[in-house]
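Q: Could you take me through one part of this protein up close? I'd like to see how a helix sits among its surroundings.

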Amino acid sequence: METLYSSGDSTVKPNTKTYNTVINGWAKSGQLLSAQKAESILKRMENLFEAGDKGIKPTVVSYTSVINAWVLSSSTGKARKAWQLLRRMDQMYKDGNKDVKPNVVAYSSVINACALSRGDRKEKD
C-alpha cells in the first residue's frame with residue numbers, strides 16, 4: 001500500500017487501522033522474528049506521525065498489538081520487551097498523549113508475557 005500511495009494512488013493511503021491490521025497479522029503469524037517485525041512497523045508509525053502524517057498516529061491498540069506479538073513469540077526476553085512497551089505507553093500518556101493510555105488489555109498482556117517467559121530468573125522477576 002505504501003508503494004502504491006507513494007507512486008501517486010491516493011485511494012490506498014495507509015492509516016492507523018491499516019498499520020494495526022498488519023501488526024496483528026505479524027503477531028498471529030507464528031513466524032520467526034514476527035514480534036520484531038511488528039515492533040518495526042510500530043516504529044515506522046511513530047516516525048511517520050512525528051514527520052507530520054497525522055493519519056498514522058499509534059494508539060493503545062497499536063502498542064497492545066505489539067505487546068501481544070511479544071507474548072506469542074518464542075523469543076527470550078519477550079517479557080522485558082513487553083514491559084518496556086507498557087512503560088513507554090505509560091510515559092507517553094503522562095506526557096499528554098491520551099491515545100496511548102494503558103488499559104486492562106495492555107496490563108494483562110504484559111502479565112501473560114511474564115507468565116509464558118522461558119528466560120532466566122532475572123527476566124521472570
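A: Here is a close look at helix α4 and what it touches. The model is predicted, so local features need pLDDT of at least 70 and side-chain atom pairs count only at pLDDT 80 or more, while totals for chains, interfaces and linings use all residues. Residues are numbered from 1 along each chain as its sequence is written, and side-chain values use heavy atoms, with hydrogens and water left out.

Let's start with the partner helix. The axes of α3 and α4 come within 8 Å and cross at roughly 160° (axes are lines fitted to C-alpha atoms over the stretch in contact, with angles from 0 to 180 degrees between N-to-C directions; helices are DSSP runs of H or I, at least four residues, numbered from the N terminus). That makes α3 roughly antiparallel to α4, a label for angles over 145 degrees. On the α4 side, Ser62, Tyr63, Val66, Ala69 and Trp70 make the contact, meeting Ala35, Gln36, Ala38, Glu39, Leu42, Met45 and Glu46 of α3 (contact means heavy atoms within 4.5 Å).

Now for the core. Tyr63 and Val66 are among the residues that touch the most other members of the largest nonpolar core, which has 24 residues (a set of buried Ala, Val, Leu, Ile, Met, Phe, Trp, Tyr and Cys residues joined through side-chain atoms within 4.5 Å). α4 gives the most to this core, with seven residues.

Valine 61 is also in α4, but it is partly exposed, with a relative accessible area of 45% (buried is under 20%, exposed over 50%, partly exposed in between, using a 1.4 Å probe and protein chains only).

Conventions:
Helix = DSSP H or I, 4+ residues; strand = E, 2+ residues; numbered from the N terminus. Parallel < 35°, antiparallel > 145°, perpendicular 65-115°, else oblique.
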